[in-house]
Every structure is written in C-alpha cells, then in structure tokens.
Amino acid sequence: MAVDRDGDDSGRPVPQYPIESVDNALRILLQLAEKPSLRMTEVSKYLGVATSTAHRLLAMLQYRGFVRQNPVTKEYEPDTSLTTIAFAVMKHVDVRDRAHPILEKLSTALGETVHLGRLDGANVYFLDSIESTRAVRVGSRLGATLPAHCTSTGKALLATCSSAQIREFYPREKLTAMTPSSISTRTQLEKELEAVRERGYAYSREESEEGVASVSVAIGMIATNLYAVNVSTPTYRMNDGVREEFAAALHEAAREIANLFA
C-alpha cells in the first residue's frame, strides 16, 4: 500500500520522498499504543501488505528490541526499546512547570513556604519553591542541594527506597550533621525511615536549619526520578495539630502532581 500523500489526521504534511517501509514500521508501533499485542495477520491487513512483508517488518522491529513475540500466543508485544524511549522522553518533561500551579495553591491554602524536591543520591535538590507572604517565614531553598537525611523532603524520599539503596547511599555508619538536631548515624536514619513509612509523611525540626520545621510527603517516581513536596514554617508555628494538617494537604497535593503524569 502506498503512503497516503494527503497526510493523516494529524495535519502533518507527508515528506517529499517518503520511505514506505519506514512508514509501515512506524505505523506498527503506533498500533501498539492502542492494542497490547498484534498478530501478524492483523498487521498484514492493517498495512495492506502481504504476510511475508509484515513478517519482515516485525522481524526487524524485534531485532532492534521494539517488539517481542510471545512464545505461547505468537502475538507481538512491546519490548524494552519502546520503554527506553518512553523514559528518555519523560526525563525531559518539565516537572517543575507542571507542578508549579499546585504548589502555588498549596502555599496559599497553608500560608507557608512550600518546596518541590528531587532525590539525587544521598542529597535532595530543591527545584521549585513558593515563598510565604507572611512577615515571618521560611526562605526559599530554590536551587539548593542538601543532605537528604537532614531534611524532611529527603527523608520522605529515602523512605521510598529499599534497604539496599539506603546502604548504597550511606556506606558508612557516621553521617554528616548540619545542626545539633540532625540525624548523625545510619542506624538512626534507618529507624527514622521506618517511622516515616508507618506515619505516611516525614517531618523535621531544626535538622537542617535552626528555627525551621517542615513536613514532607513523597510524590513518587516521575520518569526516572523521585519527587516530594514540602511545607516549611518557623518552629514556633509548628505543633502536632498543624503537622497533621500539613500532612493531609501535602498528600492531596502529591496525588494531584502524580496524576499529571499518570
């Protein structure tokens, strides 16, 4: 079947010198976005080509890891190369831009400074922040990188990691402390992370900066990175009731952000 020179429903013009075999291979991949698997006869009928041609196209896609043949059903399914490309594209999705309106809403509702953080090994990188408009407030940490074990954001993120990953991030028992309240040993950190998992959120009181308290909830994995959202406040405004209120609001914000990438 010749390439339709009038283009498709996307409105994109057909190249001046289209290569039919390439177009057919790409159309097979597009079909896999709509169906979990394809039979060779389906591919043949869809493309309007002989089964031998469909077989050659599928064999090349299989060779490059885009499809695999189920040994039982003989149907063709997506393989690892498609997943690799999908993750590579998702890496470039601007999480900050898409999450920013949710952070703004959260900061307005709570009247406090909020942050979006990303785990980077044993550190947390703050890639966005909305600073409170109150006279006494916690300043923005936008662009800052801090030890994960010294922040509520980092602890929320580390709590989603396995024990093996924690040991990889922290091969030594002694940890660097930022303040007298910081967690200073791996054993202490592992115990704290268990509490975070049970509680459903992490909190910090003067562990990274004196006079600052915070609460954080993990958003989870977006593409290949782990993210968390945080609320920070002066310590005198934090108590058990406020902490629970913040945690509930953070869980809702985390769900909203995660749903943007679902």
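The following exercises, each with a worked solution, concern the predicted model shown above.

Residues are numbered from 1 along each chain as its sequence is written, and side-chain values use heavy atoms, with hydrogens and water left out. Because the model is predicted, local features need pLDDT of at least 70 and side-chain atom pairs count only at pLDDT 80 or more, whereas totals for chains, interfaces and linings use all residues.

**Exercise 1. The annotated span**

Task: State which residues the UniProt annotation "domain: HTH iclR-type" covers, and describe that span.

Solution. The annotation comes from an unreviewed UniProt entry and covers residues 19-80. UniProt positions are given in the numbering used here, feature names are shortened, and annotations may be inferred rather than shown by experiment. For the geometry, the end C-alpha atoms of residues 19-80 are 25 Å apart. In secondary structure, the span is 56% helix and 10% strand; helices (H or I, at least four residues) and strands (E, at least two) are DSSP runs, numbered from the N terminus.

**Exercise 2. Helix α1 and a nonpolar patch**

Task: Identify the residues that make the nonpolar surface patch of about 270 Å², and determine whether Leu-26 and Gln-31 are buried, partly exposed or exposed.

Solution. The patch is made by Ile-19, Val-22 and Leu-26. Patches consist of residues with over 30% relative accessible area and no salt bridge, where like charges are joined within 9 Å and nonpolar side chains (Val, Leu, Ile, Met, Phe, Trp, Tyr) within 5 Å. Accessible areas come from the Shrake-Rupley method with a 1.4 Å probe, and for residues only the protein chains shown count as cover.

Next, Leu-26 is placed in helix α1 (residues 20-32). Its relative accessible area is 48%, so Leu-26 is partly exposed; buried means under 20%, exposed over 50%, and partly exposed in between (1.4 Å probe, protein chains only). Gln-31 is also found in helix α1. With a relative accessible area of 11%, Gln-31 is buried. Finally, the C-alpha atoms of Gln-31 and Asn-70 are separated by 17 Å, the two residues being 39 apart along the chain.

**Exercise 3. Span and faces of two helices**

Task: Compare the expected and modelled spans of α3 and α9, then locate their buried residues.

Solution. The expected span of a helix is 1.5 Å times one less than its number of residues. For the 13 residues of α3 (residues 51-63), this gives 18 Å, and the end C-alpha atoms are 18 Å apart, in agreement. The buried residues of α3 are Ala-54, Leu-57, Leu-58 and Leu-61. Seen down the axis of α3, the buried residues fall within an arc of 95 degrees, so they line one face of the helix; the arc is that of the directions from the helix axis to the C-beta atoms. An α-helix has 3.6 residues a turn, so residues three or four places apart point the same way. The face of α3 turned away from the buried side carries the exposed residues Arg-56 and Tyr-63.

For the 21 residues of α9 (residues 240-260), the expected span is 30 Å, and the end C-alpha atoms are 31 Å apart, which agrees. Buried residues in α9 include Val-242, Phe-246, Leu-250 and Ile-257, as well as Arg-243. The buried residues of α9 cover an arc of only 140 degrees around the axis, which puts them on the same side of the helix.

**Exercise 4. Positive phi angles**

Task: Locate Lys-74 and Glu-206, and give the phi value of each.

Solution. Lys-74 is in the loop between β1 (67-69) and β2 (76-78), and its phi is near 70 degrees, a positive value in a residue other than glycine. Glu-206 is found in the loop between β6 (202-205) and β7 (212-222). The phi of Glu-206 is positive, at about 60 degrees, although the residue is not a glycine. Its relative accessible area is 27%, so Glu-206 is partly exposed.

**Exercise 5. Salt bridges**

Task: State how many salt bridges the structure holds, and characterise the pairs Arg-39 with Glu-75 and Arg-167 with Glu-190.

Solution. The structure holds 17 salt bridges, each being a side-chain nitrogen of Lys or Arg within 4 Å of a carboxyl oxygen of Asp or Glu.

The side chains of Arg-39 and Glu-75 meet at 3.2 Å, N to O. This pair links distant parts of the chain, with Arg-39 in the loop between α1 and α2 (40-47) and Glu-75 in the loop between β1 and β2, 36 residues apart. Arg-39 is partly exposed at 41% relative accessibility, whereas Glu-75 is buried at 15%.

The side chains of Arg-167 and Glu-190 meet at 2.7 Å, N to O. Arg-167 lies in helix α7 (residues 163-169) and Glu-190 in helix α8 (residues 186-199), so the pair ties together parts that are 23 residues apart in sequence.
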